[in-house]
Amino acid sequence: MPWDSVPWFTEGGAVHSSEVARLLAYAAFGGAEGVVGSGDLQVRALSSPGPEVEVMAGACAITNRAAGAAYQAYAGRLPTADRVEIAATGVSARSDLIVARVENPYSYGETWPNPSDPEVGPYVFTRVISNVPKTTTRVNQVRPSDSAVALARIDIPANTNSITQAMITDLRSMVSPRRDRRIYPAFPGEMSTLGYSDNKWHNWPGVARWSIDIPPWATRVKMITTLAGFRYSKADVFAKMQTVFFDNPGQDTIIDDDQGSNTRRSTVVLGDSMYIPPEKRGTTQTLYLQTYMYKSETGDVSVDGATSILADVEFVEDPVEEEV
């Protein structure tokens with residue numbers, strides 16, 4: 001019989017196999033694995049550093065890597081924080097991998113010991129894979145047959161028996177991160193000019209100002225703002241621009257034009273990636289531009305009816321280390 005004879009879901013008292021149930025989980029997770037929520041299962045040092053770390057509550061998807069277990073996944077949940085012990089180092093430094101691992105002795109080819117109570121297991125654990133290469137970022141680099149996902153790597157100096165947060169590298173990925181991307185245009189109706197003068201920031205061009213809803217799940221925003229048909233006049237121009245979102249200024253982009261006094265145009269592109277703090281998620285915030293004119297050059301900058309300003313804003317959901 002080539003088929004698993006009972007597909008999900010069949011009536012009449014049919015007995016459904018664990019393999020088909022895990023197939024359903026695999027399909028629900030889109031064949032991916034990792035944590036479910038952006039703050040799930042983060043590994044943190046204790047408030048008073050000691051020989052343990054704490055894994056915060058959360059949920060995850062774990063691909064079944066047992067022999068012959070194609071298209072199968074486990075769904076695991078950690079309802080309360082879990083602590084695991086980290087062995088002290090001796091004269092040499094060491095790296096340990098913290099993982100969430102399913103140890104199912106009933107899956108074909110697995111050799112895990114049977115639990116004391118088959119009804120409640122446990123079958124899923126926080127485990128420490130000790131003494132891994134310092135470059136390790138995935139479980140399959142050190143134990144390719146484990147049904148496990150990496151949560152963090154701890155790089156422990158020599159002669160150390162207390163773990164600090166600085167030693168912990170977050171390795172979590174999300175099973176199904178959300179994204180939301182939108183384009184916000186602005187078209188100046190008339191000329192607006194910012195002349196050289198005062199070595200100060202100005203909220204200019206004023207037309208480049210948008211009210212943007214931040215999704216409640218977003219942990220980071222990526223922004224590309226393009227000013228096409230940006231105008232220079234009178235003399236050389238030396239300036240800088242930046243994006244400001246939820247009162248957080250982004251990276252400076254230098255504008256350095258040495259083409260003399262003729263009127264000319266170019267394209268200016270600003271790029272930023274910002275972490276979104278929890279208190280800003282689910283709120284409406286203002287995105288605008290600032291421009292700084294240096295006194296070292298005497299040219300002016302303008303936007304007018306021949307200028308297009310486009311803000312390309314993408315919100316993403318990445319694993320983050322939230323304050324707890």
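This passage walks through the main pocket, the salt bridges, a surface patch and two loop positions of a predicted model.

A good place to start is the largest pocket, which has a volume of about 220 Å³. It is lined by 18 residues, and those closest to its centre are Glu33, Arg138, Val149, Ala150 and Ser173. Two strands stand out in the lining: strand 1 (34-35) and strand 9 (147-156) each supply at least two residues. Strand 9 is the top contributor, giving four residues to the lining. Sorted by class, the lining of the largest pocket comes out as eight nonpolar, six charged and four polar residues.

Next come the charged contacts. The structure holds 18 salt bridges, and three of them are worth a look here. One pairs glutamate 52 with arginine 83, with the closest N and O atoms 3.7 Å apart. Glutamate 52 sits in strand 3 (residues 52-55) and arginine 83 in strand 6 (residues 82-85), so this salt bridge ties together parts that lie 31 residues apart in sequence. Both partners are partly open to the outside: glutamate 52 is partly exposed at a relative accessible area of 26%, and arginine 83 is partly exposed as well, at 47%.

Another salt bridge links glutamate 103 to arginine 101, and here the closest N and O atoms are 3.0 Å apart. Because buried means under 20% relative accessible area, glutamate 103 falls in that class with its 8%, and so does arginine 101 with its 10%.

In the third pair, the side chains of aspartate 146 and arginine 143 meet at 2.6 Å, N to O. The two ends of this salt bridge fall into separate classes: aspartate 146 counts as buried, at 3% relative accessibility, while arginine 143 is partly exposed, at 34%. These contacts do not stand alone, since Arg101, Glu103, Arg127, Arg143 and Asp146 are joined into one network by salt bridges that share partners.

On the surface, there is a nonpolar patch to point out. Trp8, Phe9 and Leu24 make up this patch, and together they have about 350 Å² of accessible area. Of these residues, leucine 24 can be placed in helix 1 (residues 18-28). Its relative accessibility of 42% makes leucine 24 partly exposed, as the partly exposed class runs between 20% and 50%.

Finally, two loop positions help with finding the way around the model. Asparagine 140 is found in the loop between strand 8 (124-129) and strand 9. With a relative accessible area of 40%, asparagine 140 is partly exposed. Measuring from C-alpha to C-alpha, asparagine 140 and alanine 61 are 15 Å apart in space, with their positions 79 residues apart in sequence.

Glycine 260 belongs to another loop, the one between strand 18 (253-257) and strand 19 (264-275). Glycine 260 is partly exposed too, with a relative accessible area of 25%. Its partner for comparison is valine 142: the two residues are 118 residues apart in sequence, and their C-alpha atoms lie 61 Å apart in space.

Conventions: Residues are numbered from 1 along each chain as its sequence is written. This is a predicted model: local features need pLDDT of at least 70, side-chain atom pairs count only at pLDDT 80 or more; totals for chains, interfaces and linings use all residues. Side-chain values use heavy atoms; hydrogens and water are left out. On a 1 Å grid over the protein atoms alone, a cavity is a set of points where a 1.4 Å probe fits but cannot get out, and a pocket is an open set with protein on both sides within 12 Å along at least five of seven lines; lining residues have an atom within 4 Å of a point. Grid points are joined across faces, edges and corners, and a volume is the space filled by probe spheres set on the points. Ala, Val, Leu, Ile, Met, Phe, Trp, Tyr, Cys and Pro count as nonpolar, Asp, Glu, Lys and Arg as charged, and the others, Gly among them, as polar. A salt bridge is a side-chain nitrogen of Lys or Arg within 4 Å of a carboxyl oxygen of Asp or Glu. Buried means under 20% relative accessible area, exposed over 50%, partly exposed in between (1.4 Å probe, protein chains only). Patches are made of residues with over 30% relative accessible area and no salt bridge: like charges are joined within 9 Å, nonpolar side chains (Val, Leu, Ile, Met, Phe, Trp, Tyr) within 5 Å. Accessible areas come from the Shrake-Rupley method with a 1.4 Å probe; for residues, only the protein chains shown count as cover.
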